[in-house]
Amino acid sequence: QVRALAGRGYRTIVPDLRGYGRSTVVPGVTSLDTLARDLAALLDHLGLDVVNVVGLSMGGQVALELYRLFPDRVDALALAATNPLPETETGKAKRRAMAARLREEGMRGYADEMLVGMMTAENVRDQPAVADHVRAMMYAAPPEGAAAAQLGRAERPDHTLLLRHISAPTLLVVGQHDGFTPPGGAELMHVRIADSVVEIIEGAGHLPNLERPKRFNEVLRRFLEQARTRPRDR
C-alpha cells in the first residue's frame, strides 16, 4: 500500500511493531496497550500530532487501542480484517499453547499451517508470488516476539463499548471469504460506529490488501480523500 499512497502525495509511516521486523524483541507478554503506546511514542519522535491510522488484523486491534488511549491523535481510522471482541476462554488457551509452540519449534510449521486461512485456498493456488511473500513474512518473524504478541492478544480488551465513542471517519474493510474475521463482524462495527462505511472485498480472505491490492487500494484512497475534505468538529 505504501507505493499506492505515496503516489497520491501521502506520507506513509510503516512501523515494525515491537517483537517484529527490525524492532526490539522483548520476551514475556506484549499487550495491545504496549503496542499502542509504542506507536504514540513513535509519533512523538516524528513530531506528528494527528494522523490517519490504518490497521489490519492484529494491527486493527492495535489501532483501536491507540484510539482508546489517544483519540485526539486519530484523524481517520481504517480497520481491515479486525475483530473488536475480547478473546474467548477457548481462544485464550489456544493462544497460550501457540505461544509455547512458537518458542519451542519456531515459525515455519505455524506459517505453513496458517497460510490457507490467511489467504483463501484459491488465492494460494492462483497467486503463488503473493503466497510466497506471506509465507516468507511469517517465517521471518522472531518466534519470541510472535509468542509475546500471542500472549498479549489472549488478554485483549473488549473494544465493542469503544465503538460508539469513535467520532473519526472509519473505514471497515473485510475479505468476502475471511474465516478469521467474517464480514458479519464488520457489519456489527458499522452499526456501532456512527461515521463508518463497510467495504467487502470480493475474492479475498484475511489479507484483502495482498490478495486484491488494486481494489483495496482504490477503497482506501477514496476513503482517505473523502475524510480529508470532510469538515469535522472533533
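This is a short tour of selections to make in the viewer, stop by stop. The model is predicted.

**Stop 1: strand β3**

Start with β3, residues 170–175. Six of its six residues are buried. Look at one side and find Thr 170, Leu 172 and Val 174. Turn to the other side for Leu 171, Val 173 and Gly 175. Both faces are covered. In a regular strand the side chains alternate between the two faces of the sheet.

**Stop 2: the neighbours of β3**

Now add β2, residues 74–80. β2 and β3 run parallel and are joined by four bridges. To see one pairing, select Ala 80 and its bridge partner in β3, Val 173.

Next, show β4, residues 196–201. How many bridges join β3 to β4? There are six, and these two strands also run parallel. Pick Val 174 and find its partner in β4, Ile 200. Then trace the chain from β3 through α10 to β4. This β-α-β crossover is right-handed.

**Stop 3: the nonpolar cores**

Select Val 53, Met 58, Leu 66, Leu 77, Leu 79, Ile 166 and Leu 172. These have the most contacts inside the largest nonpolar core, which has 30 residues. The elements giving two or more residues to this core include α2 (32–46), β1 (51–56) and α3 (58–69). β2, β3, α9 and α10 are also among them.

Stay on Leu 172. Leaving aside residues up to four places away in sequence, Leu 172 touches Leu 79, Ala 186, Met 189, His 190 and Ile 193. Its list of contacts also includes Ser 196, Val 197, Val 198 and Glu 199.

Another core, of 19 residues, lies apart from the largest one. Among its residues are Met 118, Met 119, Ala 147 and Leu 207.

**Stop 4: Arg 156**

Jump to the loop between α8 (143–154) and α9 (160–163), where Arg 156 sits. Is Arg 156 buried or exposed? Its relative accessible area is 8%, so Arg 156 counts as buried. Add Glu 87: a polar contact of 3.1 Å joins the two side chains. Arg 156 also touches Leu 32, Gln 61, Asn 83, Leu 85, Pro 86 and Arg 95, among residues beyond four places away in sequence.

**Stop 5: Glu 155 and Arg 96**

Select Glu 155 and Arg 96. Their side chains meet in a salt bridge, 2.6 Å from N to O. Glu 155 lies in the loop between α8 and α9 and Arg 96 in helix α4, so the pair ties together parts that are 59 residues apart in sequence. Glu 155 is partly exposed at 45% relative accessibility. Arg 96 is partly exposed too, at 41%.

**Stop 6: Arg 101 and its partners**

Move along α4 to Arg 101. Which residue forms a salt bridge with Arg 101 at 3.0 Å? Select Glu 105. Glu 105 and Arg 101 are four residues apart in helix α4, so about one helical turn separates them. Glu 105 is exposed, at 55%.

Arg 101 also forms a salt bridge with Glu 113, with the closest N and O atoms 2.9 Å apart. Glu 113 lies in helix α5 (residues 108–118), so this pair ties together parts that are 12 residues apart in sequence. Glu 113 is exposed at 53% relative accessibility.

**Last stop: a network**

Finish with Asp 33, Arg 37, Glu 65 and Arg 68. Salt bridges that share partners join these four into one network. The salt-bridge count comes to 20.

Technical notes: Residues are numbered from 1 along each chain as its sequence is written. This is a predicted model: local features need pLDDT of at least 70, side-chain atom pairs count only at pLDDT 80 or more; totals for chains, interfaces and linings use all residues. Side-chain values use heavy atoms; hydrogens and water are left out. Buried means under 20% relative accessible area, exposed over 50%, partly exposed in between (1.4 Å probe, protein chains only). A polar contact is a pair of N or O atoms within 3.5 Å; within protein, one must be able to donate a hydrogen and the other to accept it, and residues adjacent in sequence count only if both atoms are side-chain atoms. Contact means heavy atoms within 4.5 Å. A nonpolar core is a set of buried Ala, Val, Leu, Ile, Met, Phe, Trp, Tyr and Cys residues joined through side-chain atoms within 4.5 Å. Two strands pair if DSSP finds at least two bridges between them. A crossover is right-handed if, with the strands pointing away from the viewer, the path from the first strand over the helix to the second runs clockwise.
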